[in-house]
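Before accepting a structural label, a careful reader may ask what it rests on. Please look at the sequence and the model below with that in mind.

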Amino acid sequence: MSRRITVGRFLGVEVALDWSWIITFVLAAWTLVSLGARVMPNLGPLPLALLAVASAAGLFTSLVLHELAHGLAARASGVPVRHMTLFLLGGITDRERTPGSPRVEIACAIAAPLASVALGVLAILAVAIADGPMPRGFDDLDRLGAPGVVVLFVGLANFVIAAVNLLPAYPLDGGRVVRALFWGATGDVERATRWSAWLAQVIGWLLVVVGISFAFSTRGPGTAAAMWTAFVGWFIASAAAQGYEGVRIQDALAGVTASRLMRRAFVAIPADLTVDSAMRSFFAQGESRAIPVVDGEDLLGMVSFADVQELSADRWRSTRVREIAVRPEKMVSPRTPVVDLIDTLERVPVVEGVRLVGVLDRDDVMRFIEAFEMRSSREAAVRT
Ligand SMILES: [Zn+2]
């Protein structure tokens with residue numbers, strides 16, 4: 001199952017949410033409701049809920065703008081961007097390849113925290129112009145009114161987004177800068193990635209420990225801050241582990257299309273064969289994956305051993321394979337980038353129009369990634 005929910009396209013970039021973002025939304029709304037109840041005790045529950053949702057939406061917009069800043073910076077330095085996924089307090093912008101140099105990497109990483117700081121300053125200025133001097137404490141917030149409080153919250157949230165993303169924890173922006181520095185120093189992007197992912201996991205788990213101890217200490221900054229700290233730590237630690245894995249795969253598969261890794265010599269079952277013959281010629285040797293079914297060269301569907309088993313054995317002689325072929329869950333064209341398929345890939349037919357031209361197997365892709373890594377570590381060994 002995919003962990004991403006696509007929400008739309010902005011400036012030609014597909015924006016998706018990771019499930020972890022639901023935690024951000026709930027936590028932000030909850031923080032706002034508890035804060036709002038304290039600051040504006042006269043507000044009813046419905047306006048309070050509206051206030052919380054408006055602020056969470058503001059937080060979401062801020063994150064999208066942060067990621068768009070990365071995307072635009074990457075594009076400006078010649079690295080194409082296809083989609084981005086928003087996580088807890090940041091995002092991952094998928095670029096079609098790793099920036100060509102540490103310097104470009106640093107520029108792309110720094111652009112977004114700068115944008116967040118600028119947004120934060122704008123929001124604070126807007127509140128200052130509309131409502132006079134900044135409130136000096138919680139008791140003073142009432143003066144701003146609900147819209148003022150939302151804008152102030154979103155402004156402050158942008159500073160938090162910039163600060164969190166500048167932590168030296170890869171794949172956050174600060175961590176990307178650290179990786180670029182390691183990379184510049186060693187000339188080995190793979191080793192730099194490994195080191196910075198390791199550093200990020202240490203920082204992440206430290207934050208989790210700090211957050212939990214906040215929650216149990218009587219003089220701590222309160223439950224909301226404790227939970228935010230622990231969640232940010234957990235997010236960083238898991239993103240570092242995933243990010244390293246993702247970078248390995250992305251590096252290996254950058255620019256690789258289905259046509260390059262698909263098998264051109266593949267097994268396919270003619271549609272008019274009886275299920276009985278197909279069973280004997282194709283599944284008797286223990287093939288457990290689905291096999292494409294073709295009418296001439298055209299793909300009709302896929303059929304697996306499990307599909308055959310669903311049909312009672314006394315009908316095998318009278319049934320043709322085309323009758324039990326199922327529509328494949330996924331079909332791709334030879335030009336589809338393999339990196340887009342990696343999450344769902346098992347065995348995918350590759351079609352040109354309706355004509356079956358190849359079969360892409362997960363095993364082949366994994367072997368390609370391993371071979372790529374062996375080659376690049378050998379090249380690195382030769383260089384040093
Ligand atoms: Zn960022």
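The questions and answers below concern a predicted model and take up some of its labels in turn.

Q: What makes helix 5 count as largely enclosed by the rest of the structure?
A: A residue is called buried if 20 or more other C-beta atoms lie within 10 Å of its own, and 10 of the 14 residues of helix 5 are buried, so the helix is largely enclosed. Among these buried residues are Arg176, Phe182 and Trp183, and the buried residues of helix 5 pack against helix 3 (102-131), helix 4 (145-165) and helix 6 (189-216).

Q: How do you know what span to expect of helix 5, residues 173-186?
A: The expected span is 1.5 Å times one less than the number of residues; helix 5 has 14 residues, and its reach of 20 Å from first C-alpha to last is close to the 20 Å expected. After helix 5 comes Gly187, with a positive phi near 75°.

Q: Why are strand 8 and strand 9 said to pair?
A: Pairing requires that DSSP find at least two bridges between the strands, and strand 8 and strand 9 (residues 355-361) are joined by six bridges in the antiparallel sense, so the criterion is met. In one of the bridges, Val348 has Leu360 of strand 9 as its partner. Two residues lie between the strands of this hairpin, in which Gly353 takes a positive phi near 70°.

Q: Why is strand 8 called largely enclosed?
A: Five of the six residues of strand 8 (residues 347-352) are buried, so the strand is largely enclosed by the rest of the structure.

Notes
Residues are numbered from 1 along each chain as its sequence is written. This is a predicted model: local features need pLDDT of at least 70, side-chain atom pairs count only at pLDDT 80 or more; totals for chains, interfaces and linings use all residues. A residue is buried if 20 or more other C-beta atoms lie within 10 Å of its own, exposed if 12 or fewer, and partly exposed in between; C-beta atoms are placed from the backbone. Helices (H or I, at least four residues) and strands (E, at least two) are DSSP runs, numbered from the N terminus. Two residues are in contact if their C-beta atoms, placed from the backbone, lie within 7 Å.
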